[in-house]
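Here's a quick briefing to read alongside the structure. Have the model open and follow the topics in whatever order suits you.

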Amino acid sequence: MNRAFNRKKDKSWMHTPEALAKHYIAYNAKFLGNTEVEAPKGTEVVKDAVRKLKFQRHIKKSEGQKIPKVELQISIYGVKILDPKTKDVQHNCQLHRISFCADDKTDKRIFTFICKDSESNKHLCYVFDSEKCAEEITLTIGQAFDLAYKKFLESGGKDVETRKQIGSLQKRIQELETENSELKKQLQDLEEQLMIAHVPPAGSISMKPQSTDIFDMVPFSPVTPLVPTLASNGCPPPPPTSLPPDIRKDLFGAEPFDPFTCGAADFPPDIQSKLDEMQEGFKMGLTLEGTVFSLDPLDSRC
């Protein structure tokens, strides 16, 4: 335990217990960074880490980079490092994982603490720069330790175990949320690929199967000529046979009328003579220029 935690035994703490137990104490500082250390505690350990991070910061400063400002929120549950503007949590150091805390005797602006990382189990030393509050921040972390230890004794160690379980559950929730977002992205990519696969290329003609009627027959179209299909032996089908005389008659026993096959003798004399007159008039009309005659005998213009 460093001197900051021991020297306050005979003095009162600067904050009320309720401020750290129910709320938090906030400080502003500059964050030099963190680096891995070999031991969880020790003055020489933090001195080496401070020298290393100061050198790295000096190089970055020469390149025009400024030291980032952070907000520290200290409570009996740990030390949170946040962005002062967006309030985004950059690091959450649980108090039971912090093993050492100290301010620099030679440089009153520097204070550090060592925390064991929850994922890698490595010991990381966090280094901060505060012109006026370095010692006060160290004492506040010490007071949080004192209150957390008293609470641990009162609860019989159950409180720490509960916080560990809550921390592991929160970590698992974050992992599931990340996995869920990745699965949603993969699903969206698959849907886009399926949509692209179903879209026909430009200029292509979709061939649809020919529709049939309820009897599974292709409907007749007057535009499409009827082409006789070849038989299985390669020969054209035989011509249709004529129907028997009794089948060719209509319902009243009369021969069906066919204007394309009937001859002149098939018409009655009065109708035949009328057709002959119309035919002679049509021939005469062809010799007259610009004259049009109607072939309808009922037309009054004839």
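Which side chain meets Asp146 in a salt bridge? Lys150 does, with 3.5 Å from N to O. Keep in mind that this is a predicted model. The bullets below start with the helix that holds this pair, then move on to the other salt bridges, the loops, the surface and a pair of cysteines.

**Helix α4**

- Helix α4 runs over residues 134–155, so to speak a 22-residue stretch.
- From its first C-alpha to its last, α4 reaches 32 Å, close to the 32 Å expected at 1.5 Å a residue.
- Asp146 and Lys150 sit 4 residues apart in α4, which means about one helical turn separates them.
- As a rule, an α-helix has 3.6 residues a turn, so residues three or four places apart point the same way.
- Neither partner is hidden away: Asp146 counts as partly exposed at 25% relative accessibility, and Lys150 is partly exposed as well, at 45%.
- The helix has its buried residues too, among them Ala134, Ile137, Leu139, Ile141, Phe145, Leu147 and Ala148.
- Polar residues also turn up on that buried list, including Thr138, Thr140 and Gln143.
- Gly142 and Ala144 are buried in α4 as well.
- Just after α4 comes Gly156, with a positive phi of about 70 degrees.

**Salt bridges elsewhere**

- The count for the model comes to 6 salt bridges.
- One of them joins the side chains of Asp107 and Lys54, at 3.0 Å from N to O.
- Asp107 lies in the loop between β5 (98–103) and β6, while Lys54 belongs to helix α3 (residues 43–62), so this pair ties together parts that are 53 residues apart in sequence.
- The two ends differ in cover: Asp107 is buried, at 16% relative accessibility, whereas Lys54 is partly exposed, at 32%.
- Arg109 comes into the picture as well, since Lys54, Asp107 and Arg109 are linked in a network of salt bridges.
- Another salt bridge pairs Lys87 with Glu71, and here the closest N and O atoms are 2.4 Å apart.
- Lys87 is in the loop between β3 and β4 and Glu71 is in strand β2 (residues 69–75), so the bridge ties together parts that are 16 residues apart in sequence.
- Glu71 is the buried end, with a relative accessible area of 8%, and Lys87 is partly exposed at 42%.

**Positive phi in the loops**

- Which backbone angle should you check at Lys87? Its phi is positive, about 65 degrees, although Lys87 is not a glycine.
- That puts a positive phi in the loop between β3 and β4, where Lys87 lies.
- Asn121 is another non-glycine residue with a positive phi, this one about 60 degrees.
- You'll find Asn121 in the loop between β6 (110–116) and β7 (123–129).
- Asn121 is partly exposed, with a relative accessible area of 45%.

**Surface patches**

- Lys30, Lys61, Lys66, Lys69 and Lys85 together form a positive surface patch.
- Lys85 comes from the loop between β3 (78–82) and β4 (89–94), and its relative accessible area of 77% makes it exposed.
- On the nonpolar side, Tyr149, Phe152 and Leu153 make a surface patch of about 320 Å².
- Tyr149 lies in helix α4 and counts as exposed, at 52% relative accessibility.
- Is Tyr149 buried or exposed by the cut-off? Exposed means over 50% relative accessible area, so the 52% of Tyr149 qualifies.

**Cysteines**

- How far apart are the C-alpha atoms of Cys115 and Cys125? They are separated by 6.5 Å, with the two residues 10 apart along the chain.
- Cys115 is in strand β6, and at 4% relative accessibility it counts as buried.

Definitions and conventions
Residues are numbered from 1 along each chain as its sequence is written. This is a predicted model: local features need pLDDT of at least 70, side-chain atom pairs count only at pLDDT 80 or more; totals for chains, interfaces and linings use all residues. Side-chain values use heavy atoms; hydrogens and water are left out. Helices (H or I, at least four residues) and strands (E, at least two) are DSSP runs, numbered from the N terminus. The expected span of a helix is 1.5 Å times one less than its number of residues. Buried means under 20% relative accessible area, exposed over 50%, partly exposed in between (1.4 Å probe, protein chains only). Patches are made of residues with over 30% relative accessible area and no salt bridge: like charges are joined within 9 Å, nonpolar side chains (Val, Leu, Ile, Met, Phe, Trp, Tyr) within 5 Å. Accessible areas come from the Shrake-Rupley method with a 1.4 Å probe; for residues, only the protein chains shown count as cover. A salt bridge is a side-chain nitrogen of Lys or Arg within 4 Å of a carboxyl oxygen of Asp or Glu. Lys and Arg count as positive and Asp and Glu as negative; His and the chain ends are not counted. The place of a charge is taken as NZ of Lys, CZ of Arg, CG of Asp or CD of Glu.
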